[in-house]
Number of protein chains: 2
Amino acid sequence: MDETLEPIRQNFVDGMSGISQFWGLPKGMGAIFAVLYLSPAPLSLDELVEETGLTKGAISTNVRGLSRMGLIRPVTRLADRKDYYEAETDFYKAVRSILKERQSSEFDRAVSSVREAISKLEASAGADESERAFLIERLKALQSFFDALDTLSSAVMRLDSLGMATIQNVLKILK
Amino acid sequence: MDETLEPIRQNFVDGMSGISQFWGLPKGMGAIFAVLYLSPAPLSLDELVEETGLTKGAISTNVRGLSRMGLIRPVTRLADRKDYYEAETDFYKAVRSILKERQSSEFDRAVSSVREAISKLEASAGADESERAFLIERLKALQSFFDALDTLSSAVMRLDSLGMATIQNVLKILK
DNA sequence: TTTGTCGTTTAGTATGTACTAAACGTAGTA
DNA sequence: TACTACGTTTAGTACATACTAAACGACAAA
């Protein structure tokens, strides 16, 4: 690697680490992704150890997380027991993958929690009428907001089939 | 408060706490917002202490954070030294406010970090040519992705002026 | 089988942070 | 002035978690 370019790369890696922990992810993830993203060839775990300064254990767990989110991709070479990884360069694909990940876990729980609360409230006659009505109203407003988010999210996840032209259309409306 | 409704409310509060810490925010924030959102009238700090079980200190700092994000709003009553707070019920307004908050802080730093890297790279002639070209290509791809995000984000922030019809249009395209 | 090279897992550690408890500052009230 | 009722700030604590170091398991080669 050219020494002139090294500080620039290092700065980029630091920046991505910052973003990473800003979004609540381990900063090692950001660093690993940054290194892979600026690498012309897939890298092995040991090479990542070399480049990031993290230990193999940390690399192992973070790499698994990044794979699960679709931000990096394992590359296997025949007759080579090492695992190699490369960065996903299609960010829209990565965004979809991340949304899919997050969606399933916690967001759904929140949505169904609200839905459950509403149906319980509607079932509980005999309680204070005005307060009950108020709670139902508030929760339904929240629910419709969640629905909008859900529509948006699942729309984005289907974005590959809709084609990149869709993104342009949306941006044109918003611009 | 009707005792029949209490467990439902409590369940909702717990759920919002969960979401809150899932998104990297203190779970106390979620709880406070939930309590305020389900309250017909604005609540004072001491009432929030009562409802959430947190101490006044924690309430104080979390309430400040929620205000800054635009998720709740202070309400002052004449001839009453207490501060009261109520939840923002326009979630789109809250989203805009949160985006504005996040945008300014870390995202911009990332964007300008990439831009800076690119211009440094373009200035550093004499270095390894093929690698330099590769880095520039990758960073420019990342930059255009950031630009798209930025366009989207600032568009959402201007969404009140564009009107709610815009949201409908966007969702129609995506649906 | 033994040996070496992988990735994974585990136990321990350090760091950040959200909280509690209590002191504090401030502004109305007697 | 002293007193009271607030919200804020600070010092300390508990807890979560991302990491290190090292043991472990799997697998291919000798």
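Biologist: How far is a phosphate oxygen of DNA strand C from an N or O atom in the side chain of Lys82(A)?
Modeller: In this predicted model, that separation is 3.2 Å, which falls under the heading of a polar contact, defined as a pair of N or O atoms within 3.5 Å; within protein, one must be able to donate a hydrogen and the other to accept it, and residues adjacent in sequence count only if both atoms are side-chain atoms.

Biologist: Which polar backbone atom is 3.1 Å from a phosphate oxygen of that strand C?
Modeller: That backbone atom belongs to Asp83(A), and the side chain of Arg64(A) also places an N or O atom 3.1 Å from a phosphate oxygen of DNA strand C.

Biologist: Before we go on, what are the ground rules on confidence and numbering?
Modeller: Because the model is predicted, local features need pLDDT of at least 70 and side-chain atom pairs count only at pLDDT 80 or more, while totals for chains, interfaces and linings use all residues. Residues are numbered from 1 along each chain as its sequence is written, chains are lettered from A and ligands numbered from 1 in the order in which they are written, and side-chain values use heavy atoms, with hydrogens and water left out.

Biologist: Which residues come nearest to strand C?
Modeller: Of the 17 residues around DNA strand C, those that come nearest are Ser60(A), Arg81(A), Gly28(B), Thr55(B) and Asn62(B), where a residue is near a strand if one of its heavy atoms lies within 4 Å of it.

Biologist: And what share of the strand C atoms within 4 Å of the protein is sugar or phosphate?
Modeller: Sugar or phosphate accounts for 74% of those atoms of DNA strand C, and bases for the rest.

Biologist: Which element supplies the largest share of that surface?
Modeller: α4(A) does, with four residues of the surface near DNA strand C; helices (H or I, at least four residues) and strands (E, at least two) are DSSP runs, numbered from the N terminus.

Biologist: Now strand D: which side chains have a polar atom by its phosphate oxygens?
Modeller: Among them, Thr55(A) has a polar side-chain atom 2.8 Å from a phosphate oxygen of DNA strand D, Asn62(A) has a side-chain N or O atom at 3.1 Å from one, and for Lys82(B) the corresponding value is 3.2 Å. α4(B) gives the most to the surface near DNA strand D, with four residues.

Biologist: Switching to the protein, how do the two copies superpose?
Modeller: A turn of 180 degrees with a shift of 0.0 Å along the axis lays chain B on chain A with an RMSD of 0.2 Å, so the two copies are related as by a two-fold rotation axis. The superposition is by least squares on the C-alpha atoms of residues with pLDDT of at least 70 in both.

Biologist: Why do you say the copies meet through the same surface?
Modeller: Because 100% of the interface residues of chain B are also interface residues in chain A. Each chain brings 57 residues to the contact, with contact meaning heavy atoms within 4.5 Å.

Biologist: How much area do they bury, and how many salt bridges cross over?
Modeller: Chain B and chain A bury about 5300 Å² between them, 77% of it on carbon and sulfur atoms, with buried area being the accessible area (1.4 Å probe) that two parts lose on being put together, summed over both. The rule finds zero salt bridges across the interface, a salt bridge being a side-chain nitrogen of Lys or Arg within 4 Å of a carboxyl oxygen of Asp or Glu.
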